[in-house]
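User: Please take a close look at one part of this model and say how it is built into its surroundings. After that, set it against the rest of the structure.

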Amino acid sequence: MSTSDDPTTHAVETPSTEAIVTAKANASARTPMWKKVLRDPQAAITIGVLAAIFLVGALTPLIAPHGPNDADLSMVNAPFGTPGYILGADESGRDIFSRLLHSINTAAISALIGTSVALAVGVTAGLVGGYFNRATQSITEWIFALLMTLPGVLLLIILMPVTGGDYRATMFIFGFLLAPGIYRIVRNLVLGVKNELYVDAARVSGLGNIRILGRHVLSIVRGPIIIATAFMAGSAIAVQSGLAFLGVGSLEIPSFGAMISSGFRNFYVSPTQFLWPSLLLGVITASLVLLGNALRDTLEGSKPKATKVDAGQRVVADVERDGSTDANALLVIRDLGIAYPGVDGELNEVVRGVNLSLAAGGFLGLVGESGSGKSQTAFSTLGVLPHEAVITSGSIRFDGRELLGLDDKAMAALRGSAIAYIPQEPMSNLDPSFRVGSQLVEGLRAATGMPRKEAKERVIALLDRCGIVDPQRTFDAYPHEISGGMAQRVLITGAVASRPKLLIADEPTTALDVTVQAEILDLLRDLQDELGMAVLLVTHNFGVVADICDRIAVMNKGEIVEIGAAEEIFGAPQHEYTRMLLGSILDENAVRTDPAAAAKGGAS
Amino acid sequence: MSLLEVEELRVSYPGKGFRAKPVEVLHGISLDVGHGETLGLVGESGSGKTTIGRAVLGLVRPSGGSIRFAGQEISGLHGRARRGVASHIQVVFQDPYTSLNPSMTIGDILAEPLVVHGATGRDARSRVRTLLDQVGLPTDAIDRLPREFSGGQRQRVAIARAFAPGPKVIVCDEPVSALDLSTQALVLDLFVDIQRETGVSYLFVSHDLGVVRHISHRVAVLYRGDLVETGDAATVTSTPEHPYTERLLLASPVADPARQREKREKRKQLLAADT
């Protein structure tokens with residue numbers, strides 16, 4: 001079958017904002033997980049410390065000079081440095097060094113049993129409880145809620161007769177008490193993943209539930225489980241030591257807890273006895289906790305980044321500021337260049353040499369495909385480019401004033417009053433926890449300093465003007481109570497409330513149904529006539545452009561390839577790219593004519 | 001007998017809150033898709049068009065009515081029995097970014113359904129190569145991850161996955177609406193090419209009349225859970241009978257300022273006549 005090359009394949013040089021962010025994430029995700037972890041100094045050091053300690057523990061039979069319970073009465077409370085008893089001996093004449101080594105193994109086994117049981121129970125129950133139907137969910141939820149109410153350490157002490165004082169049995173039970181933590185993590189992740197389309201696709205492909213869980217779901221929840229395991233190992237060791245310290249369980253087993261307890265009793269005779277086990281226990285649990293934190297940072301990337309708030313957009317020094325201005329142009333963009341630092345630190349230009357001007361009261365459509373730089377151009381005019389973006393060249397003059405180089409405070413004063421903005425997703429631009437009206441009034445007062453009562457009256461009058469049937473009711477509604485089309489009307493109300501000179505609309509109808517889209521476009525057209533404002537409309541939809549714009553600029557790969565009156569561009573496109581785009585539009589009259597392949601249907 | 005027959009299909013979602021009444025989103029939909037035919041399903045958000053597709057795929061359980069594939073009732077099937085139908089009814093979803101597992105290679109994604117239906121590893125691998133070639137992707141894509149591809153290419157992978165088990169019907173849920181204009185046209189052509197070659201049937205869900213007109217033999221228009229009009233694609237999209245279809249047609253803008261102005265006037269007249 002002949003299929004021509006997919007053109008978007010080659011458009012990589014001009015990524016959109018999201019593309020840049022994901023590209024960065026991709027670059028870091030391509031290195032295997034363990035490599036990423038080892039590159040983090042905190043993770044590398046703690047892993048090194050833990051590995052060293054547990055390796056020494058594993059070599060205990062070879063290097064320990066004495067058995068853990070070998071008592072020599074002549075050595076009772078032998079001091080630090082006694083030959084054969086490097087760290088001295090305890091109240092029963094047992095070698096502290098040997099007991100320390102054996103205690104490492106006790107701790108390791110405790111951590112191993114506790115975490116494996118917790119993982120086995122928690123992960124299984126989390127997968128089942130998150131993936132299957134409501135009844136299964138509530139049953140598992142109920143069981144684990146019950147498990148969480150049990151007082152952990154107390155229960156372990158009460159169950160001593162059952163476990164016979166064996167710390168391994170105790171840790172087995174403790175594993176169940178740790179399980180709810182893992183269960184919660186896994187269940188919540190599974191609830192998020194199971195509605196992903198690729199899980200649906202797998203189901204449609206005929207995969208069984210077990211296979212879907214194993215292949216598609218478990219791979220996603222792996223990272224958080226590893227992190228939680230580090231913390232759980234720490235707490236298993238701490239609980240085992242705590243119990244031994246209290247003297248619960250078999251006294252034969254050498255453990256940090258038992259040693260600390262013995263050292264405590266001898267504190268006045270030989271204070272250092274208490275020091276060694278405490279130190280080692282402290283290092284192990286602290287390493288595990290620090291390792292957990294480091295894993296979380298590297299695997300989930302939660303390290304907060306410092307952002308500069310007030311410096312405004314970053315502009316490199318040689319911004320050209322010539323005084324030449326079009327007499328009647330409201331917005332003049334000259335030779336604008338915007339770049340983003342790539343993975344290797346070099347700047348990639350996503351917008352190059354953009355020139356455009358918008359007359360007061362004009363309606364300019366900025367058209368292009370994803371990654372063409374159209375939104376970047378609009379954002380730079382608003383002064384809201386992401387902070388890693390760098391403006392490499394050019395100037396943006398609004399109403400005779402240079403916008404590039406203004407700090408955030410000066411830009412904020414312009415935004416909302418002289419330059420307004422309508423976003424693509426109306427819903428996500430309204431705060432769900434405040435009523436619609438109070439958000440609009442707040443915005444208007446911030447822009448104009450109008451008294452509250454007057455602002456409210458103006459907002460209600462404008463809501464009415466923007467085609468909202470019952471303005472008072474919408475004013476008092478919360479965002480979730482209104483439809484998407486209504487929300488866009490609300491945002492338009494907010495944008496025009498302060499009588500801006502320039503309105504920037506970024507794909508304002510893309511998220512809306514066509515019938516609503518037509519109404520919103522009518523509203524924008526009427527408002528523009530009434531208020532005499534200029535509109536810069538960013539869109540990928542040529543139908544929308546044809547409906548509303550009087551001038552069009554076509555962008556491709558960061559450059560404007562063609563700019564002119566709407567009739568001219570649609571009627572006689574000059575640039576090849578524009579012709580290609582217009583040619584891709586599914587024509588109104590093109591209807592599929594070939595008949596259904598009914599005859600072949602049975603055969604294939 | 002049509003290949004896929006949907007009769008009096010009803011779907012309800014549980015209401016929010018304790019003992020809340022379920023909300024019915026489909027109120028008895030009947031439609032059918034013949035061999036090698038494309039039925040376009042148009043409607044706005046909330047019309048229930050996606051729900052019909054999901055019911056056919058067995059991803060939502062109908063509360064009434066029947067769905068028959070090749071004469072066999074499939075709406076109540078579960079587990080193993082449902083998976084038996086899986087190789088015949090496949091899907092291409094709207095969003096090529098979330099419909100591919102980000103941690104699996106393209107080769108694994110495409111081989112998975114084949115292996116499930118009993119292919120050996122080697123057979124699967126050679127079939128994957130053929131599939132990649134069919135949808136116009138390079139064969140070295142096999143060892144790469146979804147994130148290394150653009151939206152249009154990912155959608156080609158999703159199409160290849162749908163075709164892997166050799167299905168009879170493919171439910172296409174807005175498969176081109178997340179793509180750029182130029183990519184959209186190419187992907188639609190791919191759909192048409194494959195249909196001509198394999199005789200597969202499409203249930204093609206979209207909100208975009210232009211797209212539906214381009215690919216459908218017949219069109220069904222949905223409005224708030226009811227089918228308001230069904231018929232030949234050319235007829236429904238040029239001389240609609242139902243007022244809602246007419247409104248929908250007039251609302252979708254054409255990429256020509258002069259013609260769009262006429263259309264806008266016509267729409268305003270229609271609206272004025274209504275009120």
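**A paired strand and its setting**

Analyst: The residue standing opposite B:Val42 is B:Val221, which belongs to β9(B). The model is a predicted one, and strand β9 of chain B, residues 218-223, is the part looked at here.

The contact between B:Val42 and B:Val221 belongs to a wider pairing. Strand β3 of chain B, residues 38-42, runs parallel to β9(B), and 4 bridges hold the pair in register. β9(B) also pairs with strand β10 of chain B, residues 226-232, this time in the antiparallel sense and over 6 bridges. One of the residues involved is B:Leu222, whose bridge partner in β10(B) is B:Leu227. The hairpin formed by β9(B) and β10(B) has 2 residues between the strands, and B:Arg224 in this hairpin has a positive phi near 45 degrees.

Which way do the side chains go? In a regular strand, they alternate between the two faces of the sheet. In β9(B), B:Arg218, B:Ala220 and B:Leu222 point one way, while B:Val219, B:Val221 and B:Tyr223 point the other way. Both sets are buried, and the count for the strand is 6 of 6 residues. B:Arg218 is thus among the buried residues, along with B:Tyr223.

Helix α5 of chain B, residues 151-163, can be read beside the strand. It too is mostly covered, with 13 of its 13 residues buried. Its length can be checked: 13 residues at 1.5 Å each should span 18 Å, and the end C-alpha atoms are 18 Å apart, so expectation and model agree.

A contrast comes from B:Glu5, located in strand β1 of chain B, residues 4-13. B:Glu5 has 18 C-beta neighbours inside 10 Å and therefore counts as partly exposed; a buried residue needs 20 or more. Apart from neighbours within four places in sequence, B:Glu5 is in contact with B:Asp32 and B:Arg68. B:Tyr244 lies 239 residues away from B:Glu5 along the chain, and their C-alpha atoms are separated by 25 Å.

For chain B as a whole, the secondary structure comes to 10 helices and 10 strands. Its radius of gyration is 20 Å, close to the 19 Å that the globule rule gives for 275 residues, so chain B is as compact as a globular protein of that length. The C-alpha trace covers about 65 × 50 × 40 Å along the principal axes. Buried residues account for 52% of the 275 residues. Of the contacts in chain B with a separation of 6 or more, 65% join residues 24 or more positions apart.

Chain A has 24 helices and 11 strands, and 43% of its 604 residues count as buried. In chain A, 71% of the contacts between residues at least 6 apart in sequence join residues at least 24 apart. One of its sheets is open and has 6 strands in the order β7-β8-β9-β4-β10-β11, with mixed pairing. The edge strands, which pair on one side only, are β7 (419-422) and β11 (559-565) of chain A. On average, neighbouring strands of this sheet are turned by 15 degrees against each other, direction ignored. Within the sheet of chain A, β4 (residues 363-367) and β10 (residues 551-556) run parallel and are joined by 4 bridges. A:Gly365 has A:Ile552 as its bridge partner in β10(A). Helix α19 of chain A, residues 484-496, lies across β7 and β8 (502-506) of chain A and runs at about 175 degrees to β7(A).

The chains also touch: 54 residues of chain A are in contact with 69 residues of chain B. On the chain A side, helices that each supply at least two residues include α10 (197-204), α11 and α20 (514-531). The most comes from α10(A), which gives 6 residues to this side.

Nonpolar side chains tend to be buried together in soluble globular proteins. Here the largest nonpolar core has 236 residues, and those touching the most other members are A:Leu502, A:Leu536, A:Leu537, B:Val56 and B:Leu203. Helix α11 of chain A, residues 209-246, contributes the largest share, 16 residues. Leaving aside neighbours within four places in sequence, the contacts of A:Leu537 include A:Phe363, A:Gly365, A:Ala505 and A:Ile548.

Conventions. Residues are numbered from 1 along each chain as its sequence is written. Chains are lettered from A and ligands numbered from 1 in the order in which they are written. This is a predicted model: local features need pLDDT of at least 70, side-chain atom pairs count only at pLDDT 80 or more; totals for chains, interfaces and linings use all residues. The expected span of a helix is 1.5 Å times one less than its number of residues. A residue is buried if 20 or more other C-beta atoms lie within 10 Å of its own, exposed if 12 or fewer, and partly exposed in between; C-beta atoms are placed from the backbone. Two strands pair if DSSP finds at least two bridges between them. The radius of gyration is taken over C-alpha atoms; the globule rule is 2.2 Å times the number of residues to the power 0.38. Two residues are in contact if their C-beta atoms, placed from the backbone, lie within 7 Å. A nonpolar core is a set of buried Ala, Val, Leu, Ile, Met, Phe, Trp, Tyr and Cys residues joined through C-beta atoms within 7 Å. Axes are lines fitted to C-alpha atoms, for helices over the stretch in contact, and angles run from 0 to 180 degrees between N-to-C directions.
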